[in-house]
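The following exercises ask the reader to work from a sequence and its model to a description of the fold and of selected residues. Please examine the structure before turning to the solutions.

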Amino acid sequence: MLFVDNVGFQLAQGFHDACREINTIVYLLSDNHTDKVQPVYAGFGKAMKQKIGEAMQIWLEKEENLEMWHGKISAKDRRILMTQWTGHGWRELSSRQEFIRKLFEKTGFLITADDSHKD
């Protein structure tokens with residue numbers, strides 16, 4: 001099952017046909033509810049963007065990098081840098097198990113039992 005948020009290509013018949021070919025059921029979420037049911041939108045995505053931004057800022061603090069960034073760097077090299085910064089962010093965030101657990105609990109993908117009430 002694939003939960004999607006009702007934008008662009010996700011509404012196209014071709015997308016739904018392709019999903020059927022790989023035995024995937026597409027479930028369209030209600031408008032403005034993605035952050036309530038998908039862990040990546042419930043906080044992980046925002047945190048990831050922050051981590052990428054932090055890594056970029058550290059890189060740009062070196063004067064030679066800042067000069068290179070403004071016109072002397074190829075699109076290929078920019079993509080490589082973005083991939084490296086993303087990898088750095090992923091390694092940091094994916095190691096924060098409690099943070100990830102809370103996102104899954106928040107969206108209902110992880111239900112925990114509270115044993116404190118047992119006799």
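The exercises below concern a predicted model and proceed from the whole chain to individual residues.

**Exercise 1. Describe the secondary structure and the overall dimensions of the protein chain.**

Step 1. Count the elements: the protein chain has 6 helices and 2 strands.

Step 2. Place them in order. Starting at the N terminus, the elements follow the pattern β-α-β-α-α-α-α-α.

Step 3. Compare the radius of gyration with the globule rule. The value for the protein chain is 20 Å, whereas the rule gives 14 Å for 119 residues; the chain is therefore more spread out than a compact globule.

Step 4. Add the dimensions: along its principal axes, the C-alpha trace spans about 60 × 50 × 25 Å.

**Exercise 2. Characterise the burial, contacts and surface of the protein chain.**

Step 1. Of the 119 residues, 24% are buried.

Step 2. Consider contacts between residues at least 6 apart in sequence: 54% of these join residues at least 24 apart.

Step 3. The accessible surface amounts to about 9,000 Å², and carbon and sulfur atoms account for 56% of this surface.

Step 4. Locate a nonpolar patch on the surface. Met1, Phe3, Ile25, Tyr27, Phe104, Phe109 and Leu110 form such a patch, and together they contribute about 680 Å² of accessible area.

Step 5. Examine one member of the patch. Methionine 1 lies in the segment before β1 (2–4). Its relative accessibility is 62%, so methionine 1 counts as exposed, the cut-off for this class being over 50%.

**Exercise 3. Is threonine 107 buried or exposed, and which backbone oxygens does its side chain reach?**

Step 1. Threonine 107 is located in the segment after α6 (97–106).

Step 2. Because its relative accessibility is 10%, threonine 107 is classed as buried; the limit is under 20%.

Step 3. The threonine 107 side chain reaches the backbone oxygen of leucine 103 at 3.0 Å and that of phenylalanine 104 at 3.3 Å.

Step 4. Setting aside neighbours within four places in sequence, the contacts of threonine 107 are Asp35, Lys36, Val37, Gln38, Pro39 and Ala42.

**Exercise 4. Describe the surroundings of asparagine 65.**

Step 1. Asparagine 65 belongs to helix α4 (residues 63–69).

Step 2. With a relative accessibility of 8%, asparagine 65 counts as buried.

Step 3. A polar atom of the asparagine 65 side chain lies 2.9 Å from the backbone oxygen of tryptophan 59.

Step 4. Not counting residues up to four places away in sequence, asparagine 65 touches Trp59 and Leu60.

Definitions and conventions:
Residues numbered from 1 in each chain as written. Predicted model: local features only at pLDDT ≥ 70, side-chain atom pairs only at ≥ 80, totals over all residues. Heavy atoms only, no water. Patch = residues over 30% accessible without salt bridge, like charges linked within 9 Å, V, L, I, M, F, W, Y side chains within 5 Å. Areas by Shrake-Rupley, 256 points an atom, 1.4 Å probe, with all protein chains shown as cover. Salt bridge = Lys/Arg side-chain N within 4 Å of Asp/Glu carboxyl O. Helix = DSSP H or I, 4+ residues; strand = E, 2+ residues; numbered from the N terminus. Buried < 20%, exposed > 50% of the residue type's maximum accessible area, 1.4 Å probe, protein only. Rg over C-alpha atoms; globule rule 2.2 N^0.38 Å. Contact = heavy atoms within 4.5 Å. Polar contact = N/O pair within 3.5 Å; in protein donor to acceptor, adjacent residues only side chain to side chain.
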